[in-house]
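Hi everyone, thanks for coming. I'd like to walk you through one structure today, so please have the view open in front of you.

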Amino acid sequence: MSQFYCKASLHQLSGPLMSARLSTAIRIGDAARAILRKTRSFPDRGFGEHEDLRQSNHIGVEPMLLALSMELALKAWFVFDYDDPKVAKSHNLMKLFESLKPESQEKLDIEFKRSVVPHHPSGFFIDYGIRHILYQHKDAFIDWRYLHEANKTMMFDQSAFEATLEMVLREFEKRYRIEPMKPL
């Protein structure tokens with residue numbers, strides 16, 4: 001039977017509680033990654049491109065699940081940042097992002113500008129940053145979950161959002177590594 005243990009950077013280690021906190025953060029991050037993977041298994045056809053309209057019943061599911069995945073990814077960052085598994089019970093992506101430590105916010109914004117913006121530029125903002133896309137989609141989980149109750153124009157930039165989510169998860173996964181542990 002293989003066993004694994006996690007290593008974080010030395011400034012993150014803080015005794016036995018570190019393991020529980022780190023494993024909680026990793027489980028949350030893994031759940032976010034699993035949801036992202038699942039959305040990629042959906043058919044590529046968009047609204048109006050189905051021969052039979054009954055096949056378009058997944059419309060709204062992808063934005064909802066991607067927003068949930070981003071929510072979990074940001075909560076994983078929070079748990080890792082503060083050594084506290086008690087994250088805010090919020091779906092608001094901006095509030096979750098703003099609850100991260102300033103250095104985490106800055107790191108994610110810098111990486112967003114480096115790796116996402118060149119492939120998904122915005123003509124609306126001069127200094128396009130991660131806050132813009134999170135603000136634009138801040139309530140996406142609730143909006144798309146209750147699509148039948150929508151009382152506003154629904155918009156979801158799936159490719160830019162998915163690229164941002166992938167970047168947030170990739171940067172989170174750089175905060176630790178999992179190594180095999182040999183039994184004594």
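Let's start with helix H4, whose buried residues pack against four other helices: H2 (61–82), H3 (93–98), H5 (130–136) and H7 (158–173). Keep in mind that this is a predicted model.

Which residues of H4 are buried? They are Ser104, Gln105, Leu108, Asp109, Glu111, Phe112 and Ser115. Looking down the axis of H4, you'll find these buried residues within an arc of 165°, so they line one face of the helix. Turn to the other side of H4 and you meet Pro102, Glu103, Glu106, Ile110 and Arg114, which are exposed. In general, an α-helix has 3.6 residues a turn, so residues three or four places apart point the same way.

Two of those buried names come back in the largest nonpolar core, which has 47 residues: Leu108 and Phe112 are among the members that touch the most others, along with Met70, Leu74, Ile130, Leu134 and Val168. Helix H2 contributes the most to this core, with 13 residues. Have a look at Leu74, too: leaving out residues up to four places away in sequence, it touches Leu93, Leu96, Phe97, Leu100 and Val168.

Now for the rings. How many aromatic pairs does a search of the whole structure find? Seven. In one of them, the ring centres of Trp77 and Phe172 are 6.2 Å apart with planes at 55°, so the pair is tilted. Trp77 belongs to helix H2 and Phe172 to helix H7, so this pair ties together parts 95 residues apart in sequence. Both Trp77 and Phe172 are buried, and they form one aromatic cluster with Phe80 and Tyr176.

Definitions and conventions
Residues are numbered from 1 along each chain as its sequence is written. This is a predicted model: local features need pLDDT of at least 70, side-chain atom pairs count only at pLDDT 80 or more; totals for chains, interfaces and linings use all residues. Side-chain values use heavy atoms; hydrogens and water are left out. Buried means under 20% relative accessible area, exposed over 50%, partly exposed in between (1.4 Å probe, protein chains only). Helices (H or I, at least four residues) and strands (E, at least two) are DSSP runs, numbered from the N terminus. The arc is that of the directions from the helix axis to the C-beta atoms. Contact means heavy atoms within 4.5 Å. A nonpolar core is a set of buried Ala, Val, Leu, Ile, Met, Phe, Trp, Tyr and Cys residues joined through side-chain atoms within 4.5 Å. Rings of Phe, Tyr and Trp (its six-membered ring) pair if their centres lie within 6.5 Å; planes under 30 degrees apart count as stacked, over 60 as edge-to-face and the rest as tilted.
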